[in-house]
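Let's take a walk through a protein model together. Have a look at the sequence and the 3D picture, then read on.

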Amino acid sequence: MEYYGSQINKLIEELSRLPGIGAKSAQRLAFHIIGMPREQVESLSSAIISAKTNVRYCSCCYTLTDEELCPICSNPSRNHKVIMVVENTRDMAAYEKTQKYDGVYHVLHGAISPMLGIGPNDIKLKELMKRLEGDVEEVIIATNSSLEGETTAMYISKLVKPTGIKVSRIASGVPVGGDLENIDEITLLRALEGRTLL
Ligand code: ZN
């Protein structure tokens with residue numbers, strides 16, 4: 001791609017590092033950006049920088065947010081006694097889209113995977129157990145139905161059961177190996193409503 005000149009090449013190179021962006025898409029995006037009005041480009045680049053600077057973990061549920069407490073944790077009309085445990089912020093967003101769940105969340109930021117060397121201490125599990133010292137009635141485990149997700153679910157249920165807090169697992173209407181975020185809202189709702197006690 002020498003014929004593009006180094007500035008364009010640099011932009012294409014940076015864009016192609018993003019997930020799901022191949023060489024062709026990176027080129028298309030790069031030329032699109034160059035063709036955009038200057039203000040729009042500035043607004044895009046400052047949105048990226050300011051998100052990176054200001055986004056952090058919610059001090060309660062560990063989702064990504066730009067406040068000390070995320071909008072869900074700070075909402076008094078949510079049921080703070082029911083905690084749904086998800087693997088990442090995108091899974092949480094998928095459940096929020098159903099608009100039918102009024103509890104709160106706990107975001108693990110990963111799943112236990114002995115194969116990848118990810119153990120219980122590498123995800124936000126200690127933080128979950130700490131929250132359970134408060135007034136909690138139910139923990140709904142909504143990790144993915146992948147091997148890692150199931151391993152994590154089993155591990156959590158073993159930790160939670162001795163506390164006497166109700167622990168449930170979403171129904172397996174979710175296809176095996178399926179990422180929660182790719183599953184439609186009706187399937188998610190069915191999985192939630194059909195959850196079983198562990
Ligand atoms: Zn939160």
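**Charged partners first**

Lys-10, Glu-13, Glu-14 and Arg-17 are joined up in a network of salt bridges. A salt bridge here is a side-chain nitrogen of Lys or Arg within 4 Å of a carboxyl oxygen of Asp or Glu. Before we go further, some ground rules: this is a predicted model, where local features need pLDDT of at least 70, side-chain atom pairs count only at pLDDT 80 or more, and totals for chains, interfaces and linings use all residues. Residues are numbered from 1 along each chain as its sequence is written, and side-chain values use heavy atoms, with hydrogens and water left out.

Back to that network. One of its links runs between Arg-17 and Glu-13, with the closest N and O atoms 3.3 Å apart. Arg-17 is exposed, at 58% relative accessible area, while Glu-13 is partly exposed, at 40%. Those words have fixed cut-offs: buried is under 20% relative accessible area, exposed is over 50%, and partly exposed is in between, using a 1.4 Å probe and protein chains only.

How many salt bridges does a search of the whole structure find? The search turns up 12. Another one joins the side chains of Glu-42 and Arg-38, at 3.0 Å from N to O. These two sit 4 residues apart in helix α3 (residues 38-54), so about one helical turn separates them. An α-helix has 3.6 residues a turn, so residues three or four places apart point the same way. Labels like α3 come from DSSP runs, numbered from the N terminus: helices are H or I runs of at least four residues, and strands are E runs of at least two. Glu-42 is partly exposed at 40%, and Arg-38 is exposed at 64%. Then there is the pair Glu-133 and Lys-130, whose side chains meet in a salt bridge of 3.3 Å, N to O. Glu-133 is exposed at 62%, and Lys-130 is exposed too, at 56%.

Now for a charged residue without such a partner. Glu-87 lies in the loop between β3 (79-86) and α4 (89-97). Glu-87 is buried but has no salt bridge, and the nearest side chain of opposite charge, Arg-169, is 6.7 Å away. For charge, Lys and Arg count as positive and Asp and Glu as negative, while His and the chain ends are not counted. So what does Glu-87 touch, leaving out residues up to four places away in sequence? Its contacts include Val-107, Leu-108, His-109, Ala-111 and Thr-143. Contact means heavy atoms within 4.5 Å.

Follow one of those contacts to Thr-143, in the loop between β5 (138-141) and α6 (147-160). Thr-143 is buried, with a relative accessible area of just 1%. Thr-143 and Ala-111 are 32 residues apart in sequence, yet their C-alpha atoms are 7.8 Å apart in space. Beyond its sequence neighbours within four places, Thr-143 is in contact with Glu-87 and Arg-169, among others.

Another contact of Glu-87 is His-109, which has a positive phi of about 60° although it is not a glycine. Most residues other than glycine have a negative phi, and most peptide bonds are trans. His-109 sits in the loop between β4 (103-107) and α5 (125-131), and it is partly exposed at 24%. Tyr-62 also has a positive phi, about 70°, without being a glycine. You'll find Tyr-62 in the loop between β1 (56-57) and β2 (64-65), and it is buried, at 18%.

Finally, look at how two helices meet. Two packed helices are described by the angle between their axes and the distance between the axes. The axes of α4 and α7 (residues 185-193) come within 9 Å and cross at roughly 95°. That makes α4 roughly perpendicular to α7. The axes are lines fitted to C-alpha atoms, for helices over the stretch in contact, with angles from 0 to 180 degrees between N-to-C directions; 65 to 115 degrees counts as roughly perpendicular, under 35 as roughly parallel, over 145 as roughly antiparallel and the rest as oblique. Ala-94, Tyr-95 and Lys-97 in α4 meet Glu-185, Leu-188, Ala-191 and Leu-192 in α7. By class, this contact has 5 nonpolar, no polar and 2 charged residues. Here Ala, Val, Leu, Ile, Met, Phe, Trp, Tyr, Cys and Pro count as nonpolar, Asp, Glu, Lys and Arg as charged, and the others, Gly among them, as polar. The buried residues of α7 include Leu-188 and Leu-192, and their cover includes β3, α4 and β5.
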